[in-house]
Amino acid sequence: MCIRDRLNIEEGGINVRSRRRSIILDDIDMMILRRLAVHGKEGIRELARNLGKSPSTIAFRIKRLEREGIIKGYTTMIDYRKLGYQINAITLLQVDGAHIEELEEILAREPNVKAVYDITGEYDIAIITSFREIEDLDRFIKRVIKIPYVKRSMTSIAFRIVKETPHVEEFLR
């Protein structure tokens, strides 16, 4: 079963909850999203040609998807290991409940933190980090656990990255 079969399908498209309201994404919107996810450097004219639509239609649709927060931004996939960031770590933090969101905001501003997740279970926060040296990770973790409302931490170092993608591949089918 593909994701389209499980989404809230209405006449004329897919009902998606955006920042402001519920909007309908039709087949053209979905084609644009899938194409941009795989070919992010593609310009409006080339995208229009590949999708068989006019450049003005594509430009209008992209602006609407950006305005509604469906398209959050554009980025380049960088292999940070090739730039010397050899240490990738996953850290779980148990935090005093009254300070979870505050700590998440602090961690999100840290330059080596790639992701911050508010999670369920024994731990409250999961962070993904990358560092050049093990000593840098060590200093970071020691700084974090000194924060008074951090009760406990557990850090694992990834030996290798088997898969890392910003996309839900099921959506791209």
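Hi everyone, let me start at the beginning of the chain, with a caution. Over residues 1–11 pLDDT stays under 50, and for that stretch the model has 17 contacts beyond four places in sequence. Where pLDDT is low, the predicted coordinates should not be read in detail. And yes, what you see above is a predicted model. Taken as a whole, the chain has a mean pLDDT of 90, with 88% of its residues at 70 or more.

Now for the overall layout. How many helices and strands does the chain have? There are seven helices and seven strands. Reading from the N terminus, the order is α-β-β-β-α-α-α-β-α-β-β-α-β-α. The chain has 173 residues, and 31% of them count as buried. About 11700 Å² of the chain is exposed, and carbon and sulfur atoms supply 52% of that area. As for contacts, take those between residues at least 6 apart in sequence: 59% of them join residues at least 24 apart.

With that in mind, let's visit a few residues, beginning in strand E4, which covers 87–95. Asn88 is in this strand. Is Asn88 buried or exposed? Asn88 counts as buried because its relative accessibility is 7%. Leaving out neighbours within four places in sequence, Asn88 is in contact with Arg81, Lys114, Thr129, Ser130, Ser156, Ile157, Ala158 and Ile161. For one of these, Lys114, we can add a distance: its C-alpha atom is 9.8 Å from that of Asn88, and the two residues are 26 apart along the chain.

Another name in that list deserves a stop, and that is Ser130. Ser130 sits in strand E6, and with a relative accessible area of 6% it is buried. The side chains of Asn88 and Ser130 make a polar contact at 2.6 Å. Beyond residues up to four places away in sequence, Ser130 touches Tyr85, Ile87, Asn88, Asn112 and Lys114. So Lys114 appears among the contacts of both Asn88 and Ser130, while Ser130 itself is buried because its relative accessible area is 6%.

Staying in strand E4, let's look at Val95. Val95 is buried as well, at 3% relative accessibility. Which residues does Val95 touch, not counting those up to four places away in sequence? They are Ile100, Leu103, Asp124, Ile125, Tyr149 and Lys151. Val95 and Ile125 are 30 residues apart along the chain, and 7.7 Å separates their C-alpha atoms.

Next come the charged pairs. Side chains of opposite charge can pair when their charged atoms come close. In this model the count comes to twelve salt bridges, and I'd like to show you three.

One of them joins Arg61 and Asp29, with 3.0 Å from N to O. Arg61 lies in helix H4 and Asp29 in helix H2, residues 27–38, so the pair ties together parts that are 32 residues apart in sequence. Are these two partners buried or exposed? Arg61 counts as buried at 15% relative accessibility, and Asp29 counts as buried too, at 1%.

Another salt bridge links the side chains of Arg35 and Glu42, at 2.8 Å from N to O. Here the partners fall into separate classes: Arg35 is partly exposed at 24% relative accessibility, whereas Glu42 is buried at 11%.

The last of my three is between Glu122 and Arg152, where the closest N and O atoms are 2.3 Å apart. Glu122 is in the loop between strand E5 (113–118) and strand E6 (125–131), and Arg152 is in strand E7, residues 150–158, so this pair ties together parts that are 30 residues apart in sequence. Arg152 is partly exposed, with a relative accessible area of 36%. Salt bridges also form a network: through shared partners, Asp26, Asp29, Arg61 and Arg64 are joined into one.

Let me finish on the surface. Ile78, Tyr80 and Leu83 form a nonpolar patch there, and together they have about 280 Å² of accessible area. Where does Leu83 lie? Leu83 is in the loop between helix H4 (55–67) and strand E4. The relative accessible area of Leu83 is 47%, which means that this residue counts as partly exposed.

That's my tour, and thank you for listening!

Note on methods:
Residues numbered from 1 in each chain as written. Predicted model: local features only at pLDDT ≥ 70, side-chain atom pairs only at ≥ 80, totals over all residues. Heavy atoms only, no water. Patch = residues over 30% accessible without salt bridge, like charges linked within 9 Å, V, L, I, M, F, W, Y side chains within 5 Å. Areas by Shrake-Rupley, 256 points an atom, 1.4 Å probe, with all protein chains shown as cover. Salt bridge = Lys/Arg side-chain N within 4 Å of Asp/Glu carboxyl O. Helix = DSSP H or I, 4+ residues; strand = E, 2+ residues; numbered from the N terminus. Buried < 20%, exposed > 50% of the residue type's maximum accessible area, 1.4 Å probe, protein only. Contact = heavy atoms within 4.5 Å. pLDDT = per-residue confidence, 0-100. Polar contact = N/O pair within 3.5 Å; in protein donor to acceptor, adjacent residues only side chain to side chain.
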